[in-house]
Amino acid sequence: MLLIDIDGFKKINDTFGHEVGDQLVKIVADRLKEIPTAKGELFRLGGDEFALLLPFNDQFRLARLCERILKTVKRPAGFSGHNLSVTCSIGCCTSAAEGWTVNDLLKSADVALREVKRSVRGTYEFFGERSESGLTLRLAAIARVLNAVAANRLFPFFQEEIDLITGRRCGFEALARIVDPDGLTVMPAEFWPAFSDPDCARAISEQILTKTLMQMQQWTELGLDYGVVGINVSEVCIRERSYADHILTELDRYDIAPGSLMIEITETVILAEGEDVVLENIRALKRAGCKIALDDFGTGYASLSHLRDYPIDYVKIDRSFIKCLPEHPENRTIVIALVQLCKSLGLKVIAEGIEDTQTASVLREMNCDVGQGFLFGSPKSASEYDVRQSPIVSSG
């Protein structure tokens, strides 16, 4: 199995438009069909990715084929007034044992392709020692998540968000946790590789959404003030055209005011394929009254145009800028600039990862709106909170 991916395809789409991107996919497909593959079957998996299934597992022969594919695809492509230099990356896998299925080959080739894209693009790599441990961890994480979902052991844990000016709680962020049968809490770092699997990402998002809204409904019925609750949205979910409708249907099912829910998206979600669908979903949720937050700001490939073009209410500054804020003048300068920029655009700012009173005090002096971090409390199950109270938390 060879997985073939066009390098820099998103940038080409963004620079020249989707029509040029579509033409490029057709050109690459035609070039791949030119190559003799000894009864191999060529498929387009979607977007800019192709799969080539071959009836042999001779690595030397496959290496020569990969070299030919790279050379053939690399020819300049001229169309619509543009002359583009095209390259591709290839992930390869051969059946390692009796009983391997096409799906096994596909997953392993995908791991090899990811290694290529992370290191040196425009070449090929076989699934092997460097990739094998990554695949093992990923498959174990997927199994763990699916078992937890089936056993109803995936829960939202809630971390408080504090108004830095008043010191009062103004909301929560709902964070996914697995609770093992022995009662131990499994942190996301232990099952994070599962988020790259579409089925797992959907299962996590759906169960966390449902249980978060159920908890919000319970708090509402008790007359408790919980403020605004944020949920993280996976890329695979928000790229589905029905996502906004689904969220609004669930809000109606549990009789939750849309303004009580904050949808948190990351810069990588905005930059992923299907940006137009993402924007449509965000706009629909915003029109309905939901809050929108740009999460982990500053860690991806953010453009200031996202702050202008997306209907955002909050910007969450990543913890990497907040950590050691008082001691690092560079971080301080960056955070001051970000806070001032957001304020000028009418956006509220949430600082993540606050761990000490000095950092909270510095942020308050900067006029940062909201703080979140272990200084104010770690994520807890809903049963550990008494939201009848809106506690005042000292910020130093």
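Select strand β13, residues 291-297, and find D296 within it; helices (H or I, at least four residues) and strands (E, at least two) are DSSP runs, numbered from the N terminus. The model on the screen is predicted, so local features need pLDDT of at least 70 and side-chain atom pairs count only at pLDDT 80 or more, whereas totals for chains, interfaces and linings use all residues. Residues are numbered from 1 along each chain as its sequence is written, and side-chain values use heavy atoms, with hydrogens and water left out.

**D296 and its surroundings**

The backbone of D296 has a phi near 55 degrees, a positive value in a residue other than glycine. Is D296 buried or exposed? It counts as partly exposed, at 25% relative accessibility. Here buried means under 20% relative accessible area, exposed means over 50%, and partly exposed lies in between (1.4 Å probe, protein chains only).

Next, display the contacts of D296. Leaving aside residues up to four places away in sequence, D296 touches T266, E267, K316, D318 and E352; contact means heavy atoms within 4.5 Å. Then select I350: its C-alpha atom is separated by 10.0 Å from that of D296, although the two positions lie 54 residues apart along the chain.

**From K316 into the salt bridges**

Keep K316 selected, as it is one of the residues touched by D296, and add E173. The side chains of E173 and K316 meet in a salt bridge at 3.1 Å, N to O. This pair links distant parts of the chain, with E173 in strand β9 (residues 169-179) and K316 in strand β14 (residues 314-317), 143 residues apart. The term salt bridge denotes a side-chain nitrogen of Lys or Arg within 4 Å of a carboxyl oxygen of Asp or Glu. Both E173 and K316 are buried.

Which residues are linked with this pair in a network of salt bridges? Extend the selection to E161, E264 and E352, which are linked with E173 and K316 in such a network.

Now move to R169 and E160. These residues form a salt bridge in which the closest N and O atoms are 2.8 Å apart, and both residues are buried.

For another salt bridge, select R144 and E190, whose closest N and O atoms are 3.5 Å apart. Here too distant parts of the chain are linked: R144 belongs to helix α5 (residues 129-150), and E190 to the loop between β10 (185-186) and α6 (198-221), 46 residues apart. R144 is partly exposed at 31% relative accessibility, and E190 is partly exposed at 46%. The count of salt bridges comes to 21.

**Two packed helices**

Two packed helices are described by the angle between their axes and the distance between the axes. Select helix α8 (residues 243-253) together with helix α10 (residues 275-288): they pack at an angle of about 30 degrees, with their axes 8 Å apart. Axes are lines fitted to C-alpha atoms, for helices over the stretch in contact, and angles run from 0 to 180 degrees between N-to-C directions. The two helices, α8 and α10, are therefore roughly parallel to each other; angles under 35 degrees count as roughly parallel, over 145 as roughly antiparallel, 65 to 115 as roughly perpendicular and the rest as oblique.

Show the side chains where these helices meet. Y243, A244, I247 and L248 in α8 meet N281, A284, L285 and A288 in α10. By class, this contact of α8 with α10 has seven nonpolar, one polar and no charged residues. Ala, Val, Leu, Ile, Met, Phe, Trp, Tyr, Cys and Pro count as nonpolar, Asp, Glu, Lys and Arg as charged, and the others, Gly among them, as polar.

While α10 is selected, pick out D276, which is found in this helix. D276 is partly exposed at 43% relative accessibility. The C-alpha atoms of D276 and R241, 35 residues apart along the chain, are separated by 9.8 Å.

**Remaining stops**

Go to N367, in the loop between α14 (357-365) and β16 (370-371). N367 is not a glycine, yet has a positive phi of about 75 degrees; its relative accessible area of 41% makes it partly exposed.

Finally, display the whole protein chain, whose secondary structure comes to 14 helices and 16 strands. Of its 396 residues, 49% count as buried.
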